[in-house]
Amino acid sequence: MSEQTENHERGVVVVGAGMAGVQTAVALREQGWTGPVTLLGAEPHQPYDRPPLSKAVLLGKAEDSAFDVDFEGLGITLRLGVEVTGLRPADRELDTEAGPVPYGILVLATGAEPLTLPGAEGVPGVHLLRTLDDAARLRPVIARSPATVVVGAGWIGAEFATAAREAGCAVTVVEAADRVLAGALPAEVAAAMGRWYGEIGADLLTSARVASVEAGRVLLADGRELPAGAVVVGIGARPATRWLAGSGVELGPDGSVTADAHLRTSVPGVYAVGDCASFPSARYGARLLVHHWDNALQGPRVVAANILAGEPVEAYDPVPYFWSEQFGRFVQYAGHHADADTLLWRGDPAGQAWSVCWLRAGAMVAILAVGRPRDLAQGRRLIEAGSPVDPARVADPETPLKAAAV
C-alpha cells in the first residue's frame with residue numbers, strides 16, 4: 001500500500017474547531033476528499049465564530065454564533081471537549097485526554113490563546129474575552145453596568161470598550177504604551193483613533209502600567225487607584241502551540257508554527273493554518289503571523305488543495321485583511337505596511353470617514369479605511385496587482401482609488 005493510499009484511509013485529523021479548523025474540514029469535502037475527516041475541538045460547544053463575542057453575544061443580542069455547517073451531512077466526524085496534549089509523528093498519533101487519535105494527515109488549527117495579566121489570574125472580577133464561555137460569564141456582569149477597567153487599547157480593547165459603554169458602564173481603558181494600537185499603527189494614525197475613546201465617554205489612560213489587580217480595584221504603577229467592578233484584559237494573544245513542545249514541529253520565537261509557503265510544517269504530513277501558524281510572504285518579503293478572521297477563512301482552501309494533490313501545488317500569499325467595529329465606526333485594513341516608505345492620507349482624520357494608504361517604491365502595500373469601504377475594496381485590488389500608483393491621486397479623497405493606477 002502506498003503512503004498516499006494509507007494516509008487517505010487513515011484520513012485527515014484537524015486539531016482545532018474554530019474558523020480555520022472548520023473551514024479546512026469543509027474545504028476538504030468541497031474539493032473532493034473522500035477519506036475520513038475528523039475535527040477535534042477542545043471546547044464542548046458546537047463550533048462557533050468569534051467576532052460576535054465582543055459585540056452581539058456580549059450584549060445579549062445573540063445567544064451564540066455557531067457555524068451553519070452540516071457536519072454530519074458532510075461526513076465530518078466532530079469530537080468536542082477533546083483536549084489534545086501531544087503529538088507523536090513517528091506513530092502518526094495525537095495524545096488526548098480521551099486516548100490516542102491516529103491520523104494519516106494532520107492539520108494544526110489550534111488558534112491563539114489570550115495573554116494574561118501577571119498577578120491577575122484568579123482575582124474575582126477579572127475577565128478575558130476569547131471564548132463563548134468567557135462571553136457568557138461577562139454578559140451578566142456588563143448588564144449590571146459596573147465601573148469597568150479595560151487593560152489594553154488594541155483592537156479587542158476598543159471593541160470591548162465600545163460594547164461596555166453601550167451597556168451603560170463607566171469605562172476606563174489602561175494602556176502601557178504611549179498611544180493606542182502601538183504595535184499595529186504609526187503614531188500619527190493611532191493619534192486620530194485615540195480620540196474616539198473620549199467621544200463615547202470612555203477615559204483613556206496611556207503610558208499607564210498596572211501594578212496589581214485586587215477585587216474591586218486596579219492599582220497603577222504611578223499610585224493611581226481605579227475602581228473596578230469588572231476588569232477585562234485585552235493585551236494580545238499568542239499561538240496556542242505549547243502542546244507541540246518536543247514533537248519536532250518547528251516553532252518560531254513568537255510561538256507560531258513556522259509553516260512553509262504551502263502551509264506545511266517541518267514534520268511530513270502535518271500542515272498548519274490560521275492564528276497558530278506563520279508563513280513566508282513573497283509579496284512582502286517577510287514571515288507573517290496574522291491573527292485575523294480572513295486568514296482563518298482563506299488559508300484552509302490552500303491546505304485542502306495541497307492535501308488532495310498529495311504534493312505542494314498551491315502557495316499561500318494573501319493580502320492580509322481584517323475589520324473592526326468600534327466607536328460607531330467600521331474600520332478595515334488590508335496589506336502589510338512595515339516596509340512602506342510613504343504614508344498618504346485620504347480625507348480628514350478628525351471626520352467620520354477617511355483612509356490612510358501606504359506605498360513602497362511607488363506601489364500600494366497597505367490601506368486603512370475608516371467608513372470608506374469602497375477605498376478598501378479598490379485599494380486591496382491595487383495591492384494585489386502590485387502596480388505603480390499616482391501619489392497625488394491616492395491622496396485625493398474625491399478621486400476613486402482605482403483611478404490612481406498608472
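Trp323 stands opposite Gln332 in strand S23. The model in which this pairing appears is predicted. This briefing describes the strands around that pair, and then a separate sheet.

**The annotated region**
- UniProt, in an unreviewed entry, lists residues 321-404 as "domain: Reductase C-terminal".
- Helix accounts for 20% of the chain over residues 321-404 and strand for 39%.
- The end C-alpha atoms of residues 321-404 are 21 Å apart.

**Strand S23 and its partners**
- Strand S22 (residues 321-326) pairs with S23 in the antiparallel sense, over 6 bridges.
- The hairpin of S22 and S23 has 2 residues between the strands, and Phe327 in this hairpin takes a positive phi near 55 degrees.
- S23 is also joined to strand S26 (residues 363-370) by 5 bridges, and these two strands run antiparallel.
- Gln332 has Ala369 as its bridge partner in S26, while Trp323 stands opposite Gln332 in the pairing with S23.
- Of the 7 residues of S23 (residues 329-335), 6 are buried, so this strand is largely enclosed by the rest of the structure. Buried here means under 20% relative accessible area.

**A separate topic: the sheet of S18, S20 and S21**
- An open sheet is formed by 3 strands in the order S18-S20-S21, with mixed pairing.
- Its edge strands are S18 (257-258) and S21 (286-289), each of which pairs on one side only.
- S18 pairs with strand S20 (residues 277-281) in the parallel sense over 2 bridges.
- Thr258 stands opposite Ser278 in S20.

Notes:
Residues numbered from 1 in each chain as written. Predicted model: local features only at pLDDT ≥ 70, side-chain atom pairs only at ≥ 80, totals over all residues. Heavy atoms only, no water. UniProt positions renumbered as here; feature names shortened; annotations may be inferred. Helix = DSSP H or I, 4+ residues; strand = E, 2+ residues; numbered from the N terminus. Pairing = 2+ DSSP bridges. Buried < 20%, exposed > 50% of the residue type's maximum accessible area, 1.4 Å probe, protein only.
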